Amino acid sequence: MKRIAIIATVLILCTLAATPTPLQDSIPKKSYRATLTTSPPVIDGSLTDEAWQAGEWQGDFVQYEPNNGVASSQKTEFKLLYDENNLYVAFKSYDSNADSIVRRISRRDNGEGDFVGVGFDSYHDLQTGFAFVTNAAGVKNDFIWSRDGQVEDDTWDPIWFTGAKVYDWGWAAEMRIPLTQLRFRISDDGVWGLEAFRRIFRNQETSLWQHVDRNSSGLVHNFGKLTGLTGIRPKKQADITPFAVASLETFEKEDGNPFATGRTWKYNAGLDAKFGITNNMTLDLSVNPDFGQVEADPSQVNLTAYETFFEEKRPFFIEGNNITNFRTGLGDGDIGFDNLFYSRRIGRSPHLWANTEDNEYARMPRVTPILGAAKLTGKTPEGLSIGIVEAIAAEGRAEIDSLGQRSWQTVEPLTNYLVSRVMKDFGGGKTIIGAAFTNTHRFLDNTGIDGLVHNANTAGVDFTRYFGEERDWYISATAAGSNLTGSKASIENLQRSSIHYFQRPDADYVEVDPERTSLNGFGGNVQAGKVGGHWNFMAFTYMKSPGLDLNDVGYLQSADAIISGLWTAYRFDKPFSIFRQIRPNANYWTGWDFGGTHLFTGGNLSLYVQFKNLWWTNIGGNYEGNSLSNNLLRGGPAMLYPSSVNSWFNLGTNNSKKVFATVFANAARGAENVSERYSAGIDFTVKPGQSFTASIEPSYSINRNDIQWVSRSDDDEHYILSRIDQQIVSMSLRMNYNITPDLTIQYWGQPFLAAMDYSKFKVVTDPRAEKLADRYHLIADNEIEYDAGNNRYLVDEDRDGTVDYTFGNPDNNYDQFLSNLVLRWEFTPGSTLFLVWSQTRSYSDSTGSFSLEQNLDNLYTSKRPYDVFLVKFTYRFGLR
């Protein structure tokens with residue numbers, strides 16, 4: 001612990017002495033005046049239309065990287081016209097080696113190769129930017145910058161048009177951006193923020209029209225000015241997109257099971273809609289949404305007490321989540337996921353399983369259907385951002401067959417979700433104040449469900465203040481609270497859950513109260529630091545009271561913690577010798593529970609280096625001191641865990657080449673030889689032409705842990721641990737064939753093989769003993785017997801011939817294969833045809849032994865896969 005504190009202190013003192021670099025305040029602002037046109041150009045990349053004879057070409061782009069502040073290596077010019085309905089942008093991207101221009105066809109928002117783009121701060125709030133990008137093959141990319149460029153949301157997909165062509169002098173691009181797709185303030189001066197940019201892919205050079213220092217604290221507030229847009233008026237968007245879906249599901253037939261006939265046909269229909277309520281506010285509606293084309297979550301094995309966090313992939317929920325997001329956590333680790341809104345809760349898999357008797361079969365819903373959802377998002381000219389999500393999930397019911405008689409059981413109640421978020425900018429974004437409120441209401445009457453919370457409310461406020469002309473320094477604070485009400489059984493379930501563990505016998509500040517009908521908690525964080533310049537740092541404290549619970553429509557991995565820490569980094573971004581950039585990084589953290597018990601202290605050092613040949617490497621290591629775990633024994637007393645060291649290494653080649661790869665390796669070891677873990681893999685990508693990309697990512701990991709949790713004994717008096725030997729082999733394969741930017745074929749497949757072999761079982765005796773071996777009793781061979789018929793272990797500790805307690809055999813083999821093949825044809829903007837084939841193969845047993853050949857054989861020959869063949873058709877009606 002002392003060693004980590006000394007390292008962190010030395011790093012901070014060294015960086016405090018670093019000489020500051022002049023930043024954006026010395027860079028003059030550019031201005032561009034748009035020209036009104038009465039003869040709109042044809043958008044094909046030719047630049048021969050008469051319209052382009054008017055207006056001014058501007059250039060003099062300056063590098064953002066690699067040589068910050070140096071003139072671009074290639075000349076770039078752009079021009080901007082407008083009329084009452086559209087903005088028109090043209091680019092001339094000169095290139096002295098035109099045959100080296102990289103044109104790659106891909107799906108929207110996945111564009112690679114040389115590209116140009118334009119960003120509009122159409123609110124002129126110095127915080128929000130709307131970006132439109134096209135590459136040399138005409139592939140679109142679009143996104144919204146918020147929080148002065150700190151947040152980039154590429155899920156925004158407006159309707160706009162682009163064209164690009166390559167010439168012997170370079171390449172050209174044209175854009176037509178309908179005003180219906182932009183949100184902007186109405187003003188007499190017609191002033192917006194403006195940025196134009198270019199990427200030369202072969203040497204990864206980015207240059208900007210309005211130079212922004214690479215070490216600036218933000219982006220949007222540094223934009224140049226766009227003038228001349230006088231007389232334009234808002235054009236409210238109004239689109240309705242109905243859809244129809246038909247699917248065939250095939251699976252293993254089960255004799256006697258009326259629900260496992262081997263195939264099922266399904267049909268569905270609904271609609272999505274988008275309406276401009278005002279120029280600045282957009283209402284999205286979705287009735288009976290279907291997300292059958294969305295890729296499945298990757299396979300994982302979770303040996304912890306906590307829920308796995310999965311990213312959102314459904315378009316309705318990811319678009320605009322920069323506004324509805326209210327993060328209470330910090331950083332990019334596990335606590336970074338803590339949030340008042342975790343949209344995967346909406347339409348989740350059911351909480352409960354059907355109860356069946358002998359000769360009964362059940363058909364369970366895989367997910368809870370969403371009846372409808374509405375989302376209102378936008379930002380007013382006064383700087384008030386609003387995000388509201390309202391969704392209703394249907395009652396999930398399992399169909400039960402009992403000798404031909406059908407009945408239904410509710411496994412998920414009808415539920416209403418409300419999420420609201422507001423933020424207000426002051427002083428051009430130097431001060432930001434926000435608030436959020438969520439409500440989850442379950443309609444439990446007549447469902448027979450007593451174990452779920454009836455009503456859950458969460459609320460929070462946040463504040464950020466930037467200091468200095470360049471907003472280099474900041475302080476921020478977030479506070480949140482939760483209030484959950486329900487039956488006695490539901491609140492007792494919460495108190496005993498892995499989030500809280502109120503039943504811990506050595507925690508005198510919490511206890512399970514079976515009479516409670518509500519649970520309240522609070523949390524929040526305070527941060528202060530520096531975000532501009534070469535040197536950055538942050539000091540923080542994050543707390544979560546024992547009763548805080550966000551998990552009805554948010555995400556909280558665990559409560560009851562106070563965590564403080566320091567982070568610092570320094571960026572050497574001026575190329576020298578063989579280096580393009582270097583960034584050392586250091587962290588220090590420590591934590592307590594709300595009983596005042598110190599739980600852990602740790603830190604890490606890491607180094608990122610990019611070379612001039614565009615290869616890169618990242619190396620680092622963590623040290624975690626002896627820690628006290630409140631969750632290892634799953635509601636039992638806290639247990640002392642030995643210190644550990646973890647190191648990692650990554651090496652990547654130049655990803656602008658047609659063939660590139662990244663190798664990664666990780667190693668960890670615990671003190672007293674308690675554990676060791678090793679993993680390695682490679683991500684290998686080939687791009688043989690303009691339209692095809694393939695990547696393969698095999699990985700292998702082994703894990704040994706001598707105090708892995710197993711279970712409580714059947715008498716509920718013993719905490720059972722064991723040694724686990726775990727092996728995981730997985731491989732992800734992706735292939736993309738892009739016939740045109742609007743007609744693509746994508747494939748993803750992942751075999752995943754895992755074996756967990758448990759041995760050397762232990763019963764915990766003194767969880768805080770100084771030596772590891774004194775914290776448990778190792779169950780000897782003559783004290784334990786395996787009952788193969790019941791797949792349980794029988795323990796006779798005193799060897800008197802009478803079984804003292806039992807526990808289940810935890811050995812497990814888990815094998816899975818997931819794949820998804822999607823043909824996507826956007827035959828007209830906003831209207832799409834999907835053809836989808838998805839497959840799932842699963843196999844599990846209780847052997848715990850690993851054999852690559854045997855595991856693969858089990859996976860592919862044990863039973864028929866679950867296949868889904870789906871056709872989805874959407875058609876957009878633009879009403880304005």
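Start by selecting strand E15 (residues 238-250) and strand E47 (residues 866-874). They run antiparallel and are joined by eight bridges. Strands here are DSSP runs of E with at least two residues, helices are runs of H or I with at least four, and both are numbered from the N terminus. Two strands pair if DSSP finds at least two bridges between them. Pick out Thr250: its bridge partner in E47 is Asp867.

This is a predicted model, where local features need pLDDT of at least 70, side-chain atom pairs count only at pLDDT 80 or more, and totals for chains, interfaces and linings use all residues. Residues are numbered from 1 along each chain as its sequence is written, and side-chain values use heavy atoms, with hydrogens and water left out.

Stay on E47 and add strand E46 (residues 831-845). Nine bridges pair E46 with E47, again in the antiparallel sense. Ser838 has Val868 of E47 as its bridge partner.

**Charges over rings**

Now show Lys872 and Phe243. The charged end of Lys872 sits over the ring of Phe243, 5.0 Å from the ring centre. The rule asks for NZ of Lys or CZ of Arg within 6 Å of the ring centre and within 35 degrees of the ring normal. Next, go to Trp57. Over its ring sits the charged end of Lys92, 4.4 Å from the centre.

**Aromatic pairs**

Rings of Phe, Tyr and Trp (its six-membered ring) pair if their centres lie within 6.5 Å; planes under 30 degrees apart are stacked, over 60 edge-to-face, and the rest tilted. By this rule the count is 40 aromatic pairs. Select Phe817 and Tyr860, a tilted pair with 5.7 Å centre to centre and 50° between the planes. The two rings link distant parts of the chain: Phe817 is in strand E45 (residues 812-828), Tyr860 is in helix H5 (residues 852-861), and 43 residues separate them.

Which of the terms buried, partly exposed or exposed fits Phe817? Phe817 counts as buried because its relative accessibility is 10%. Tyr860, at 35%, counts as partly exposed. Buried means under 20% relative accessible area, exposed over 50%, and partly exposed in between (1.4 Å probe, protein chains only).

Then select Phe120, Tyr123, Phe130, Phe132, Trp156, Trp160, Phe184 and Trp192. Ring pairs link these residues into a cluster.

**Backbone stops**

Most residues other than glycine have a negative phi, and most peptide bonds are trans. Zoom to Glu65 and Pro66. A cis peptide bond joins them, with omega about 5°. Pro66 lies in the loop between strand E3 (62-65) and strand E4 (76-82).

Move on to Lys760 in strand E40 (residues 743-764). Its phi is positive, near 50°, in a residue other than glycine. Asn791 is not a glycine either, and has a positive phi of about 55°. Find Asn791 in the loop between strand E42 (784-787) and strand E43 (792-795). At 25% relative accessibility, Asn791 counts as partly exposed.

**Zoom out**

Show the whole protein chain: five helices and 48 strands. Its C-alpha trace spans about 100 × 70 × 55 Å along the principal axes. Of its 880 residues, 52% count as buried. Among contacts (heavy atoms within 4.5 Å) between residues at least 6 apart in sequence, 64% join residues at least 24 apart.
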